[in-house]
Amino acid sequence: RSSDLDVQIIVYYAGHGMPNPNTNDAYLLPVDGYSSDYTTAIKLSELYEQLNSIPTKNTLVFLDACFSGTTRSNSDKMLTNVRGVRTAPKMSNPNGNMVVFSATSNTQTAHPYHEQSHGLFTYFTLKWLRENYQNVVLGNWYDYINKEVSRTASKNTNILQEQYPSALPSSSIKATWRDITF
């Protein structure tokens, strides 16, 4: 790895995440995948390994998904057959120069923002980028997202549930991730 590289990878996923109830591993469910067949899903730890194998200045992963096993439209409806119990998936830690931003913390549901035809996380990310596209600093973006998503989720009468985005930097950039620009 060379710190002189000027390559940044940005992965943005908006969709369903799900835990494997047998292993608690976290998976992303592609549009053509089946929640009953984990071979059609993408194991999150394997995605991180593949991204980490590419030499970059920074790798940023944005996940507008939750891993509680519930559907976005109905937080009581389960994607997987886990007997209605929300499980806390085993989340992989990023390595290298990677920061992972997730729409939720722990077993929360990533809520839709019906009025804006997006998820809360995606809507406020796009809004902030439109207003700050020439000066994107991760710490500023994250502070805005955390405030707006949690405020909107708690005040929106269609939601009224907590949703707090999370940031998970790799250990090698834990002290500096907030200053990363893209």
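Let's start with one side chain in this predicted model: Phe124 has a relative accessible area of 4%, which puts this residue among the buried ones, since the cut-off is under 20%. The residue just before, Tyr123, comes out at 14% and is therefore buried by that cut-off too. The rings of Tyr123 and Phe124 also pair up with each other, edge-to-face, with 4.9 Å from centre to centre and 80 degrees between the planes.

Both of these residues belong to helix α2, where the buried set reads Leu120, Phe121, Thr122, Tyr123, Phe124, Thr125 and Trp128. What do the buried residues of α2 pack against? Their partners are β1 (8-14), β5, β6, β7, β8 (118-119) and α3. As for the geometry of α2, its 13 residues should span 18 Å at 1.5 Å a residue, and the end C-alpha atoms are indeed 18 Å apart, so expectation and model agree.

Now follow the packing over to α3, which covers residues 138-155. You can run the length check again here: 18 residues at 1.5 Å each should give 26 Å, and the end C-alpha atoms sit 25 Å apart, which agrees. The buried residues of α3 are Leu138, Gly139, Trp141, Tyr142, Tyr144, Ile145, Glu148, Val149, Ser150, Thr152 and Ala153. For reading a list like that, keep in mind that an α-helix has 3.6 residues a turn, so residues three or four places apart point the same way. On the other side of the contacts made by the buried residues of α3 you find β5, β6, β7 (112-113), α2 and β9 (166-169).

Trp141 is a good residue to click on next. The ring of Trp141 meets that of Phe62 edge-to-face, at 5.2 Å centre to centre and with 85 degrees between the planes. This pair ties together distant parts of the chain: Phe62 is in strand β5 (residues 58-64) and Trp141 in helix α3, 79 residues apart. Both Phe62 and Trp141 are buried. The two also belong to one aromatic cluster, together with Tyr12, Phe101, Phe121, Tyr142, Trp177 and Phe182. The overall tally of aromatic pairs is 16, counting rings whose centres lie within 6.5 Å.

Zoom out from the rings to the nonpolar packing. The largest nonpolar core has 24 residues, and the ones with the most contacts inside it are Val99, Phe101, Phe121, Phe124, Trp141, Ile145 and Trp177. Elements supplying at least two residues each to this core are β5, β6 (98-102), α2 (120-132) and α3. Which element gives the most? It's α3, with seven residues. Val99 shows how such contacts reach along the sequence: leaving out residues up to four places away, Val99 touches Thr59, Leu60, Val61, Leu168, Pro169, Ile173, Trp177 and Ile180. Apart from the largest core lies another one, of 19 residues, including Ala41, Ala65, Phe67 and Met98.

With the cores in place, look at the chain as a whole. There are three helices and nine strands, and from the N terminus on they run β-β-β-β-α-β-β-β-β-α-α-β. Of the 182 residues, 46% are buried. Among contacts between residues at least 6 apart in sequence, 66% join residues at least 24 apart.

Part of the strand content forms an open sheet of three strands, in the order β2-β3-β4, with antiparallel pairing. The edges of this sheet are β2 (16-19) and β4 (42-43), each pairing on one side only. Strand β3 (residues 26-29) pairs with β4 over two bridges, in the antiparallel sense, and Tyr27 stands opposite Lys43 in β4.

Two last stops are polar residues. Gln108 is found in the loop between β6 and β7. Is Gln108 buried or exposed? Gln108 counts as buried because its relative accessibility is 15%, and its side chain reaches the backbone nitrogen of Tyr164 at 2.8 Å. Glu49, in helix α1 (residues 44-52), is exposed, with a relative accessible area of 56% against a cut-off of over 50%. Glu49 and Ser92 are 43 residues apart in sequence, while their C-alpha atoms are 9.8 Å apart in space.

Notes: Residues numbered from 1 in each chain as written. Predicted model: local features only at pLDDT ≥ 70, side-chain atom pairs only at ≥ 80, totals over all residues. Heavy atoms only, no water. Phe/Tyr/Trp six-rings, centres within 6.5 Å; stacked < 30°, edge-to-face > 60°. Helix = DSSP H or I, 4+ residues; strand = E, 2+ residues; numbered from the N terminus. Buried < 20%, exposed > 50% of the residue type's maximum accessible area, 1.4 Å probe, protein only. Core = buried A, V, L, I, M, F, W, Y, C linked by side-chain atoms within 4.5 Å. Contact = heavy atoms within 4.5 Å. Pairing = 2+ DSSP bridges. Expected span 1.5 Å × (residues − 1). Polar contact = N/O pair within 3.5 Å; in protein donor to acceptor, adjacent residues only side chain to side chain.
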